[in-house]
Amino acid sequence: MADDKKLTPRAQDFSAWYNEVVVRAELADYAPVRGCMVIRPDGYGIWERMQRALDDMFKATGHRNAYFPLLIPESFLKKEAEHVEGFAPETAVVTHGGGKKLDEPLIIRPTSETIIYHMFAKWVHSYRDLPLLINQWANVVRWEMRTRLFLRTLEFLWQEGHTAHATHDDAEDETRRMLGVYRDFMEGWMAMPVVTGRKTDSERFAGALRTYSCEAMMQDNKALQAGTSHNLGQNFAKAFELKFQTESGGTEFAWNTSWGVSTRMIGGLVMTHGDDTGLRVPPLLAPTEVVIVPIWRSDDERGRVFEAAHRIKQSLGAWKRADSTPLRVHVDDREGIKPGAKYFEWELRGVPVRLELGPRDLDKGQAVVVRRDTREKRPVALDTLGEDTSAVLERIQGDMLAAARARREANSLRGSITYDRFREVMEGDGAFVYAGWCGDASCEATIKEDTKATIRVLPDEEFRSAESPTTCMHCGRAATAEALWAKAY
Ligand SMILES: [Zn+2]
């Protein structure tokens with residue numbers, strides 16, 4: 001059982017608050033090896049629901065799952081120059097196996113482009129074999145120095161999509177399509193609004209032609225890069241001899257894309273929705289949507305409310321909503337714990353709806369429904385509990401997205417901003433700042449050095465300001481793009 005100590009308030013120390021919520025809501029725990037994490041059942045339950053939803057979306061867009069090995073020959077990584085430069089510093093290398101030194105060291109995959117395109121080269125011969133649309137659910141290892149549960153760990157779980165196409169435009173369409181899938185998932189399921197757009201060259205994936213990203217604002221006004229989609233061009237195809245015969249009989253290198261999201265999204269969920277009482281999980285991703293807390297004093301009352309609570313659980317579990325999924329309900333019938341302590345614990349764990357059920361409620365044929373997101377409390381007739389509860393869950397899902405979007409917009413700055421003001425903002429509360437950029441990488445680097453803020457993306461059209469900025473916020477030269485600046489995780 002969770003202890004009843006209060007969490008550090010977000011306003012006092014957001015980072016301490018985050019660590020406490022993750023550990024005390026039992027999402028994850030620290031592992032014996034520095035930088036590794038154990039994902040506990042409540043955290044893994046969220047991940048399983050994320051996986052299921054995303055997997056359906058990948059399949060609906062024509063992808064199939066496959067699995068490639070954890071170990072990759074070191075020489076593979078070296079075949080794409082930018083890729084090795086990007087990943088070599090954080091690879092874990094296996095040098096011994098079975099007590100013997102290996103002829104060639106093996107890399108524990110930090111990402112699987114190299115081994116997957118090596119295999120694609122064996123499988124793709126003709127334009128008829130394209131597009132090849134593969135996804136892999138896997139773990140990867142990146143030897144990070146500064147780690148945080150879910151946000152940055154040595155090993156994490158993710159999916160990586162890898163595709164091969166006949167033309168640049170097909171690959172670009174795929175890259176954009178999957179970015180759209182991520183956005184739909186993050187907004188529709190996580191209730192986490194994102195800004196999509198293209199990364200500048202300095203933030204591009206090592207070996208990609210173009211990288212696109214979904215950027216979400218956390219409650220400390222920092223950005224979280226929540227998912228990326230890369231048009232890899234022909235860089236990997238050339239390195240791995242991934243060629244195909246064209247319709248006209250010639251030979252060409254294929255065009256690749258890769259895209260991924262990871263358990264990092266769970267960190268994003270916590271930092272988007274949590275409050276000073278604990279976690280708030282959007283209903284669609286909550287392993288438990290409704291917790292029933294029976295209230296009693298005498299043994300007699302106990303018998304009655306227990307029986308009713310379990311009957312309600314049965315009927316709610318059998319009640320079908322529009323998408324025909326049963327409600328996920330738990331009865332907290334533990335003895336020797338006061339109802340108040342149970343409320344506290346389930347609020348900390350972020351269960352979206354609590355049903356309080358006492359003898360007097362039963363007499364009136366009702367239960368009391370309490371929303372975790374707003375704390376709103378009202379009686380609901382037992383006769384219509386299925387309809388009412390699922391309607392409340394749907395409203396919570398929508399309201400959480402609306403609240404997160406309103407918070408992001410309230411902390412976004414648009415229009416002309418002086419560089420002095422920008423620095424002030426970044427030193428203070430932070431924000432999403434939309435401002436003009438000259439396109440010069442050195443200007444970008446200077447701003448980063450000054451303020452630790454980076455260009456998160458050059459936003460897609462729908463996120464850009466009505467009036468495009470005309471000059472670079474830093475150097476005053478003509479702007480070539482509007483950039484979204486923020487400090488980031
Ligand atoms: Zn500039």
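Which residues lie nearest the centre of the largest pocket? To find them, select Arg-152, Gln-225, Arg-264, Arg-456 and Tyr-489, which are the ones placed nearest the centre among the 50 residues that line this pocket. Bear in mind throughout that you are looking at a predicted model.

**The largest pocket**

With those five residues shown as sticks, add the secondary-structure elements around them: α1 (14-24), α4 (81-87), β8 (155-165), β11 (223-233), β14 (255-262) and β22 (454-459) each give two or more residues to the lining of the largest pocket. The space in this pocket comes to about 1800 Å³. If you colour the lining by residue class, you should find 14 nonpolar, 17 polar and 19 charged residues.

**The second largest pocket**

Next select Arg-49, Trp-189, Leu-284, Asp-323 and Thr-325, which lie nearest the centre of the second largest pocket, a space lined by 18 residues. Two helices, α2 (41-60) and α12, are the elements that give two or more residues to this lining, and α2 provides the largest share of it, with five residues. The volume of the second largest pocket is about 440 Å³, and its lining is made up of seven nonpolar, three polar and eight charged residues.

**Two enclosed cavities**

Now turn from the pockets to the cavities, of which there are two with a volume of 30 Å³ or more. For the largest, of about 60 Å³, select Val-291, Trp-346, Glu-347, Val-351, Pro-352, Val-353, Arg-354, Val-370, Arg-371 and Arg-372, which together line it. In the cartoon, look for α10 (339-349), β17 (353-357) and β18 (366-371), each of which supplies at least two residues of this lining. The lining of the largest cavity holds six nonpolar and four charged residues, with no polar ones.

Keep Arg-371 selected, since it also appears in the lining of the second largest cavity, where it is joined by Val-369, Glu-376, Lys-377, Arg-378, Val-392 and Arg-395. The elements that each contribute at least two residues here are β18, β19 (377-381) and α12 (385-410). The volume of the second largest cavity is about 40 Å³, and its lining divides into two nonpolar and five charged residues, again without a polar one.

**Salt bridges across the chain**

The whole structure contains 42 salt bridges, and three of them make useful stops.

Begin with Arg-10 and Asp-276, whose closest N and O atoms are 2.8 Å apart. Arg-10 belongs to the segment before α1 and Asp-276 to the loop between α8 (264-273) and β15 (290-294), so that this salt bridge links parts of the chain 266 residues apart. Arg-10 is partly exposed, at a relative accessible area of 23%, and Asp-276 is partly exposed as well, at 34%.

Move on to Asp-42 and Arg-349, a salt bridge in which the closest N and O atoms are 2.6 Å apart. Here the link runs between helix α2, which holds Asp-42, and helix α10, which holds Arg-349, across 307 residues of sequence. Asp-42 is partly exposed, with a relative accessible area of 26%, whereas Arg-349 counts as buried because its relative accessibility is 16%, which is under the 20% cut-off.

Then select Arg-183 and Glu-462, whose side chains meet in a salt bridge at 2.7 Å, N to O. Because Arg-183 lies in helix α6 (residues 168-188) and Glu-462 in the loop between β22 and β23 (481-486), the pair ties together parts 279 residues apart in sequence. Is each partner buried or exposed? Arg-183 counts as buried, at 18% relative accessibility, while Glu-462 counts as exposed, at 58%.

To see a wider set of charged partners, select Glu-26, Arg-40, Asp-42, Asp-332, Arg-334, Lys-342, Glu-345 and Arg-349, which are joined into one network by salt bridges that share partners.

**A last stop at Ser-126**

Finish at Ser-126, in the loop between α5 (113-123) and β7 (132-141). With a relative accessibility of 12%, Ser-126 counts as buried. Its side chain reaches the backbone nitrogen of Arg-128 at 2.8 Å. Once neighbours within four places in sequence are set aside, the residues in contact with Ser-126 are Phe-244 and Gln-245.

How values were computed
Residues numbered from 1 in each chain as written. Predicted model: local features only at pLDDT ≥ 70, side-chain atom pairs only at ≥ 80, totals over all residues. Heavy atoms only, no water. Helix = DSSP H or I, 4+ residues; strand = E, 2+ residues; numbered from the N terminus. Buried < 20%, exposed > 50% of the residue type's maximum accessible area, 1.4 Å probe, protein only. Polar contact = N/O pair within 3.5 Å; in protein donor to acceptor, adjacent residues only side chain to side chain. Contact = heavy atoms within 4.5 Å. 1 Å grid on protein atoms, 1.4 Å probe; cavity = no way out; pocket = protein on both sides within 12 Å on 5 of 7 lines; lining within 4 Å. Points joined across faces, edges and corners; volume = space filled by probe spheres on them. Nonpolar A, V, L, I, M, F, W, Y, C, P; charged D, E, K, R; others polar. Salt bridge = Lys/Arg side-chain N within 4 Å of Asp/Glu carboxyl O.
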